[in-house]
Structure formats: structure tokens, C-alpha cells
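Thank you all for coming; I would like to walk through one protein model with you this morning. Please have a look at the picture and the sequence first, and then we can go through them together.

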Amino acid sequence: MADRAHQGPEMEIVHLLRAVTVELGLHSVRFANRNGMHPTDVRALIALMDASRAGKEMTAGRLGALLGLNSAGTTALVDRLERLGHVRRVRDGRDRRRVLVEVDERAVELGWASFAPLIGRAVELLEGYDERELAAVRGFLDGVRRAAADTDLETRLTGPG
């Protein structure tokens with residue numbers, strides 16, 4: 001484990017990452033509030049868009065597992081998003097017993113209307129980096145994402161503390 005007193009450039013970057021995470025979280029909460037949603041609804045829509053972009057199907061059970069929700073919470077979430085017109089339940093074409101959750105194009109458009117300026121700024125910043133620098137940024141962010149997922153899984157398996 002890193003020495004907590006260590007305040008070198010690595011810790012400066014860790015603190016910047018934390019600040020970015022807080023700002024993005026606040027942006028997400030403001031978006032949710034403006035659109036009559038809970039922050040978990042926004043996380044669900046992001047998970048559904050990510051799955052769609054990756055060409056993966058999403059069941060309610062898988063969505064709930066990704067969000068750390070129980071079955072009742074997942075059902076309430078999907079019902080709420082469906083009522084708002086952001087998602088739809090669709091029977092799986094290969095197995096009619098299976099129901100998939102898909103994000104509606106209106107939700108994607110709503111997200112773009114709010115997040116496009118931020119995404120555009122991030123892309124502009126990244127355009128200033130060469131391929132090697134982009135690979136370093138990508139590697140760092142993916143490593144932090146994996147570390148956070150591993151830590152979260154460990155906490156769920158062993159409990160806090």
C-alpha cells in the first residue's frame with residue numbers, strides 16, 4: 001500500500017482524479033434532478049448505453065448486478081425509466097422467456113443535449129496528445145477503473161472493514 005504521507009506527483013494525480021470524479025458526479029446529479037430522475041437512473045442509462053455500444057444485451061438481472069441493486073430495486077428502477085420513456089423491455093428474439101432492457105433513442109438524445117459540451121471539451125483536450133500519451137492516459141484510466149472494480153468486489157464479498 002502506498003505511504004499515506006507520500007505527496008509526490010502521483011498523489012497529486014490521484015487527488016485530481018478524485019476531484020474529477022466529484023465534478024462528474026455532481027454533473028450527473030444535476031442532470032438527474034433536471035430530468036426527474038434519481039442518480040441511479042442515470043447510472044443505469046449509462047450502463048445500458050455502454051452495453052449497446054459494446055453490442056451486448058442487457059437483462060434486468062444483469063443491470064441490477066452492475067448497479068448493486070436487489071431484484072425489487074431493479075424492477076422499480078426499470079419501471080421508473082420505462083414510465084419516463086427512457087427504456088423499453090423487449091423479448092429476446094432467441095429466447096422468448098428472456099426480457100431485455102434497451103435504452104430508448106430519446107434518452108440518448110437527452111443525454112447528448114446535456115453532456116455534449118463536456119464530452120466535446122474532453123475530446124478537444126485529448127486531441128492535444130500524441131498516440132503515446134493517449135495510450136498512457138488510457139492505460140492509467142483503465143487501471144484505476146479495474147482497481148476500483150476489484151476493490152468494490154472485494155468489499156461486497158468480505159464486507160466493510
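Before anything else, let me settle one word: when I say that two residues are in contact, or that one touches another, I mean that they have heavy atoms within 4.5 Å. Please also keep in mind, throughout the talk, that this is a predicted model.

With that word in hand, we can take Arg62, which has its place in helix α3. Setting aside residues up to four places away in sequence, Arg62 touches Ala51, Lys56 and Glu57. Arg62 counts as partly exposed, because its relative accessibility is 32%, and partly exposed is the range between the 20% under which a residue is buried and the 50% over which it is exposed. If you look for Leu100, you will see that Arg62 and Leu100 are 38 residues apart in sequence, while their C-alpha atoms are 9.7 Å apart in space.

Let me now step back to the whole chain. The protein chain has six helices and two strands, and if you read along the sequence they come in the order α-α-α-α-β-β-α-α. Its C-alpha atoms fill a box of roughly 55 × 40 × 30 Å, taken along the principal axes. Of the 161 residues in the chain, 23% are buried, and the chain exposes about 11,500 Å², with carbon and sulfur atoms supplying 58% of that area. Among the contacts with a separation of 6 or more, 46% are between residues 24 or more positions apart. As for charge, there are 24 positive and 24 negative side chains, and the centres of these two sets lie 7 Å apart.

How do helices α3 and α4 pack against each other? Helix α3, residues 60-67, and helix α4, residues 71-83, pack at an angle of about 110 degrees, and their axes are 9 Å apart. The two helices are therefore roughly perpendicular to each other, since angles from 65 to 115 degrees are counted that way. On the α3 side the contact is made by Ala60, Leu63, Gly64 and Leu67, and on the α4 side by Thr74, Leu77 and Val78.

Helix α4 also packs with helix α2, residues 39-53, at an angle of about 85 degrees and with the axes 10 Å apart, and α2 and α4 are therefore roughly perpendicular to each other as well. Here Thr40, Asp41, Ala44 and Leu45 in α2 meet Leu77, Arg80 and Leu81 in α4.

If we follow the chain onwards from α4, we come to His86, in the loop between α4 and β1. His86 is buried, with a relative accessible area of 8%. Leaving aside neighbours within four places in sequence, His86 is in contact with a list of residues that includes Met37, Leu45, Leu81, Glu102 and Leu110.

A second loop residue, Asp92, lies between β1, residues 87-91, and β2, residues 99-103. Is Asp92 buried or exposed? Asp92 counts as buried, at 2% relative accessibility. Not counting residues up to four places away in sequence, Asp92 touches Glu57, Arg98 and Leu100.

For the last part, I would like you to look at a pair of residues in two helices. Phe31 is found in helix α1, residues 9-34, and Gly111 is found in helix α5, residues 105-126. Phe31 is buried, with a relative accessible area of 3%, and Gly111 counts as buried too, at 12% relative accessibility. Which residues does Phe31 contact, once its neighbours within four places in sequence are left aside? They are Met37, Val42, Leu110, Gly111, Ser114 and Phe115. Seen from the other side, and with the neighbours within four places again left aside, Gly111 is in contact with Phe31 and Ala116.

Separation in sequence and distance in space are worth reading together here, with care. Gly111 and Val42 are 69 residues apart in sequence, and their C-alpha atoms are 9.2 Å apart in space, whereas Phe31 and Met58 are 27 residues apart in sequence and 23 Å apart in space, again from C-alpha to C-alpha.

That is where I will stop, and I would be glad to take questions.

Definitions and conventions: Residues are numbered from 1 along each chain as its sequence is written. This is a predicted model: local features need pLDDT of at least 70, side-chain atom pairs count only at pLDDT 80 or more; totals for chains, interfaces and linings use all residues. Side-chain values use heavy atoms; hydrogens and water are left out. Helices (H or I, at least four residues) and strands (E, at least two) are DSSP runs, numbered from the N terminus. Buried means under 20% relative accessible area, exposed over 50%, partly exposed in between (1.4 Å probe, protein chains only). Accessible areas come from the Shrake-Rupley method with a 1.4 Å probe; for residues, only the protein chains shown count as cover. Lys and Arg count as positive and Asp and Glu as negative; His and the chain ends are not counted. The place of a charge is taken as NZ of Lys, CZ of Arg, CG of Asp or CD of Glu. Axes are lines fitted to C-alpha atoms, for helices over the stretch in contact, and angles run from 0 to 180 degrees between N-to-C directions. Angles under 35 degrees count as roughly parallel, over 145 as roughly antiparallel, 65 to 115 as roughly perpendicular and the rest as oblique.
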